[in-house]
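Please open the structure in your viewer and keep the selection tool ready. The tour moves from one stop to the next, and each stop begins with a selection.

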Amino acid sequence: MSTLFVFPGQGAQKPGMLHALPQDRAVRATVDEASAALGRDLLGLDSGPALRSTVAAQLCLLVAGVATARSLEAEAGPPDAVAGFSIGAYAAAVTASVLSLPDAVRLVERRARLMESAFPAGYGMLAVTGLDQRAVEALIARAHAPAAPVYLANLNAPTQFVAAGAGPALARLAELAAAAGAGGTRPVAISVPSHCELLADAAAALAPAFDAVALRPPRLRCYSASLARALREPQRIAGDLAQNMALPVRWHETTLLAAEQGARLVVEMAPGHVLTRLAAAALPEALAVAAAETRADTIAALMAREAARAG
């Protein structure tokens, strides 16, 4: 294995993100296919005001990820493996041919509406840097209260974590982290408490929607960032997709596993660049690039070089 495509999660969305994609045949066909499945033009969902909706943000990230992957595949051939962060796991599953894009669009719309309706206001996520996991977990325990819960949600790097929960608990966590010498805290552009037990009911409500979806074996190695392992059985991938909103994201472990299994080039799909920085820090012997910041022909040359080394 040599090339890993990674797909960013919510928080990576940017105004105009779909309009900024390369205007090639693969991108146009992807946007048209997704719009037909949704029943409205997706290009109308990537404005700043529209992206404040969890539904719009997740749909745009799905389509941007799949469109970028298809565009690069037309230029350079397929990657060896895929991994997605949160909503990015759906784009990874489409790229691996486990799900069709129309089915993924309908599932993601359902997923986002369940998340949004479960927590319409007063909740969110907070990034904490500069402290190790044990220290962050101790601070979360101090900030947590039955009426204002907070949980560890994303394990991005040895000293980069994200907590999810109620606004007052997140504010308290930020105060505690600052007092403990954290490198910094910042709200994440997500208005729901993703990747913790608060979304367990929403995940359970989403699961039956997969019963009507045709699933296929993955044509690429497909990593679950919830389990930090590769999954091969379509039903297991579907179950992981249904549950991932309520499970912590073990991104650092997943990245290390991919490197252990041969990933030497990590390419992040548009519009993200955070996963590129995480990969560069975690995998000094690999090369990480963001498609949104790198020419397609350059990525194609890098993929060809890594394939030659591997083969």
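The stops below cover pockets, cavities and nonpolar cores. Please bear in mind throughout that the model is predicted.

**Stop 1: the largest pocket**

Begin by selecting Q10, G11, R186, V188 and V274, which are the closest to the centre of the largest pocket among the 33 residues that line it. The space in this pocket amounts to about 550 Å³.

Next, colour strand 3 (123–129), strand 4 (150–157), strand 5 (160–166), strand 6 (184–187) and helix 10 (274–282); each of these elements supplies at least two residues of the lining of the largest pocket. Which element gives the most to this lining? It is helix 10, with 4 residues. If the lining of the largest pocket is coloured by class, 14 residues are nonpolar, 15 are polar and 4 are charged.

**Stop 2: the second largest pocket**

The second largest pocket has a volume of about 290 Å³. Select A20, P22, A270, A291 and A292 to find its centre, for these are the closest to it of the 19 lining residues.

Two helices should now be displayed: helix 2 (54–76) and helix 11 (296–310) each contribute at least two residues to the lining of the second largest pocket. Helix 2 provides the largest share, 3 residues. The lining of the second largest pocket comprises 12 nonpolar, 4 polar and 3 charged residues.

**Stop 3: the largest cavity**

How many cavities of 30 Å³ or more does the structure hold? There are 2. The largest cavity contains about 140 Å³ of space. Of the 18 residues that line the largest cavity, A89, Y223, S224, A225 and D240 are the closest to its centre, and they form the next selection.

Then show strand 2 (81–84), helix 3 (88–95), strand 7 (221–224) and helix 8 (234–243), each of which supplies at least two residues of the lining of the largest cavity. By class, that lining has 11 nonpolar, 6 polar and 1 charged residues.

**Stop 4: the second largest cavity**

The volume of the second largest cavity is about 50 Å³. To see its walls, select L4, V6, A83, Y223, W251, T254, T255, A258, V266, L275 and A279. The lining of the second largest cavity includes 9 nonpolar and 2 polar residues, but no charged ones.

Strand 1 (3–7), helix 9 (251–260) and helix 10 each supply at least two residues of this lining. Helix 9 gives the most, with 4 residues. Helix 10 may be recognised from Stop 1, where it gives the most to the lining of the largest pocket.

**Stop 5: the nonpolar cores**

In soluble globular proteins, nonpolar side chains tend to be buried together. Select F5, L62, Y90, L99 and V267, the residues with the most contacts inside the largest nonpolar core, which has 81 residues. Helix 2 gives the most to this core, with 13 residues.

Now centre the view on L62. Leaving aside residues up to four places away in sequence, L62 touches Y90, A91, L101, A104, V105 and V108.

For the final selection, choose L126, A143, V150 and A166, which are among the residues of a second, separate core of 21 residues.

Note on methods: Residues numbered from 1 in each chain as written. Predicted model: local features only at pLDDT ≥ 70, side-chain atom pairs only at ≥ 80, totals over all residues. Heavy atoms only, no water. 1 Å grid on protein atoms, 1.4 Å probe; cavity = no way out; pocket = protein on both sides within 12 Å on 5 of 7 lines; lining within 4 Å. Points joined across faces, edges and corners; volume = space filled by probe spheres on them. Nonpolar A, V, L, I, M, F, W, Y, C, P; charged D, E, K, R; others polar. Core = buried A, V, L, I, M, F, W, Y, C linked by side-chain atoms within 4.5 Å. Buried < 20%, exposed > 50% of the residue type's maximum accessible area, 1.4 Å probe, protein only. Contact = heavy atoms within 4.5 Å.
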